[in-house]
Amino acid sequence: MKHFGPLASLCLSGQAQQCIAIRDRHEITRETFIQQVTQLAQALSASPSQRWALAFEDSYLFATAFFACAHAGKAIVLPGNLQQGALSELSPHFDALLHDERSDDLTHFPCLSLPLERVSDSGEAPLAKITSLNLTLFTSGSSGSPKAVSKTLAQLQAELFELECQWGTLLAGTQIQSTVSHQHIYGLLFRVLWPLSAGRPFHSRDLVYPEQVCNRADKNQVLVSSPALLKRITEQGGGQYRAIFSSGGPLPFAAAQQNKQLLGILPLEVYGSTETGGIGFRQQTHENTSWQFFQGIDAQLDKESCLAILSPYIDPETWYQTADICEFGDGHTFTLKGRADRIVKIEEKRVSLAEVEQRLCQSPWVTDAFSLLRQENERQTIAAAVVLSAKGQQALTDNGAARFKLALRQHLRDWLEPVAIPRQWRFVDAIPQNTQGKRQVPAIEGLFTQH
């Protein structure tokens with residue numbers, strides 16, 4: 001923790017020539033960062049707008065905007081979706097927009113685009129310590145309208161401190177690469193705020209393709225990613241990452257093992273959400289590896305075996321009830337059993353949609369699946385979107401769709417009651433999901449209304 005700095009004073013001190021970010025292969029020093037934060041904070045202080053939405057592809061410019069808003073006493077709003085329509089939908093939550101020269105039409109928002117031209121030739125007023133932070137993030141909205149979630153300076157600081165205690169020694173002397181957006185809580189913490197606090201340079205541009213991830217593998221690099229991309233890694237990397245982080249959903253055991261083989265190390269999976277912050281972590285050394293709670297998390301189960309937590313990363317005085325069904329281990333570990341809100345009733349029988357997917361994925365023909373409840377006239381049935389393996393594709397070609405679906409149903413009969421076996425099927429290249437690995441339910445439902 002020797003070089004770990006609090007968020008409140010990150011822009012007030014430090015080694016001037018220390019590299020804090022890498023942008024288009026150019027190193028950016030702490031001195032430059034502080035100058036640009038100071039300049040933007042001056043411009044923001046002169047604006048009557050109080051709530052500023054940040055819409056950035058570039059993580060360095062995002063960091064500049066984030067700290068400039070904080071030092072100017074402005075409220076920060078982080079839309080998770082940067083599409084123009086999504087920004088318009090969230091516009092009641094903000095007064096103005098900061099962005100990095102986006103090409104879409106944003107003229108109906110009061111805007112500032114980064115990088116700024118010089119505001120003035122005179123020296124800017126020095127920054128003062130941040131005393132509070134008004135930050136609003138949004139859930140992914142995968143099953144409905146985005147939900148606003150507020151965070152305080154103390155909550156962010158507590159979580160960053162725990163991350164550094166847990167993995168700071170492992171990450172010493174590394175740089176941070178990422179495939180996930182800083183517009184969500186996971187990317188905000190792991191890609192921007194934690195590296196800045198610990199003095200580890202972060203790359204400002206996303207790694208977008210699996211081959212980029214493989215080519216950047218190196219013992220001095222850390223990868224911040226998600227199951228959505230890690231499941232697509234099929235090539236040998238050029239070296240071994242020091243660490244790989246994954247969040248957004250459990251990583252399949254087979255994918256974790258393949259990452260170890262191709263990228264040199266097992267991913268560290270982090271479990272949590274926008275609402276809860278981090279809850280636990282694991283490395284899948286064996287199938288069904290348990291999760292371990294972060295320090296400071298108190299946990300209990302309700303009568304439905306759903307997890308409730310008391311956490312310093314949210315309101316430390318109030319228990320937060322999740323819909324995650326859990327089983328406790330030795331008091332510090334737990335296993336995830338699915339979500340209570342994915343238990344449906346069909347003909348008075350309880351059906352776990354998560355179990356339907358789990359059983360499908362046990363077939364050598366299936367690599368990924370998502371199931372949902374659909375209404376067919378007066379009857380409720382299960383539908384499944386399925387990603388096939390190479391063996392599955394071959395079996396579909398050899399047997400035809402009707403016989404292939406019949407074989408899949410027969411496979412499920414070993415575990416599931418008849419009402420739980422899907423009656424509708426869609427075979428897709430990938431399950432629709434966002435960059436955080438969250439399943440996009442409306443898009444999946446659309447697969448069954450297009451035919």
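# Close-up views of strand pairs, sheets and helix contacts

**Figure 1. Opposite phenylalanine 334 in β19 we find tryptophan 291.** This is a predicted model, in which local features need pLDDT of at least 70 and side-chain atom pairs count only at pLDDT 80 or more, while totals for chains, interfaces and linings use all residues. Residues are numbered from 1 along each chain as its sequence is written, and side-chain values use heavy atoms, with hydrogens and water left out. Helices (H or I, at least four residues) and strands (E, at least two) are DSSP runs, numbered from the N terminus. Strand β15 (residues 291-293) meets strand β19 (residues 333-339) in an antiparallel pairing of 2 bridges; two strands count as paired if DSSP finds at least two bridges between them. Phenylalanine 334 in β19 also has phenylalanine 328 standing opposite. Strand β18 (residues 320-328) runs antiparallel to β19, joined by 5 bridges. In the hairpin of β18 and β19, 4 residues lie between the strands, and glycine 331 takes a positive phi near 105°.

**Figure 2. The whole protein, for orientation.** Here you can place the other views among 12 helices and 24 strands. The radius of gyration is 23 Å, close to the 22 Å that the globule rule gives for 451 residues, so the protein is as compact as a globular protein of that length. That radius is taken over C-alpha atoms, and the globule rule is 2.2 Å times the number of residues to the power 0.38. Along the principal axes, the C-alpha trace spans about 75 × 45 × 45 Å.

**Figure 3. Helices α1 and α2 cross right-handed.** The axes of α1 (residues 30-45) and α2 (residues 59-72) come within 8 Å and cross at roughly 50°. Axes are lines fitted to C-alpha atoms, for helices over the stretch in contact, and angles run from 0 to 180 degrees between N-to-C directions. The two helices, α1 and α2, are therefore oblique to each other; angles under 35 degrees count as roughly parallel, over 145 as roughly antiparallel, 65 to 115 as roughly perpendicular and the rest as oblique. A crossing is right-handed if the near helix is turned clockwise from the far one by less than a right angle, and left-handed if anticlockwise. Residues in the contact of α1 and α2 include Phe33, Val37 and Leu40 of α1 and Tyr60, Ala63 and Phe67 of α2, where contact means heavy atoms within 4.5 Å. By class, this contact of α1 with α2 has 12 nonpolar, 5 polar and no charged residues. Ala, Val, Leu, Ile, Met, Phe, Trp, Tyr, Cys and Pro count as nonpolar, Asp, Glu, Lys and Arg as charged, and the others, Gly among them, as polar.

**Figure 4. An open sheet of 6 strands in the order β6-β5-β3-β4-β7-β8.** Its pairing is mixed. β6 (111-113) and β8 (148-151) stand at the edges with a single partner strand each, so one side of each is left without a neighbour in the sheet. On average, neighbouring strands here are turned by 25° against each other, direction ignored. At the β8 edge, strand β7 (residues 135-138) pairs with β8 in the antiparallel sense over 4 bridges. Look for leucine 137, whose bridge partner in β8 is valine 149.

**Figure 5. An open sheet of 3 strands, β22-β23-β24, with α9 packed on it.** The pairing in this sheet is mixed. β22 (366-376) and β24 (424-427) are the edge strands, each with a single partner, so one side of each has no neighbour in the sheet. Neighbouring strands are turned by 20° against each other on average, direction ignored. β22 and strand β23 (residues 379-388) run antiparallel, joined by 10 bridges. Phenylalanine 370 has alanine 385 in β23 as its bridge partner. Helix α9 touches β22, β23 and β24, and its direction makes about 145° with that of β22.

**Figure 6. Helix α11 in contact with α9 and with α10.** α9 (residues 353-361) and α11 (residues 401-412) pack at an angle of about 110°, with their axes 10 Å apart; α9 and α11 are therefore roughly perpendicular. Their crossing is right-handed. Val356, Arg359 and Leu360 of α9 meet Leu408, His411 and Leu412 of α11, giving 4 nonpolar, 1 polar and 1 charged residues in the contact. Helix α10 (residues 390-399) packs against α11 at about 130°, with the axes 6 Å apart, which makes α10 oblique to α11. This crossing of α10 and α11 is right-handed. Gly392, Ala395, Leu396 and Asn399 of α10 make the contact with Ala401, Arg403 and Phe404 of α11, and by class the contact of α10 with α11 has 4 nonpolar, 2 polar and 1 charged residues.
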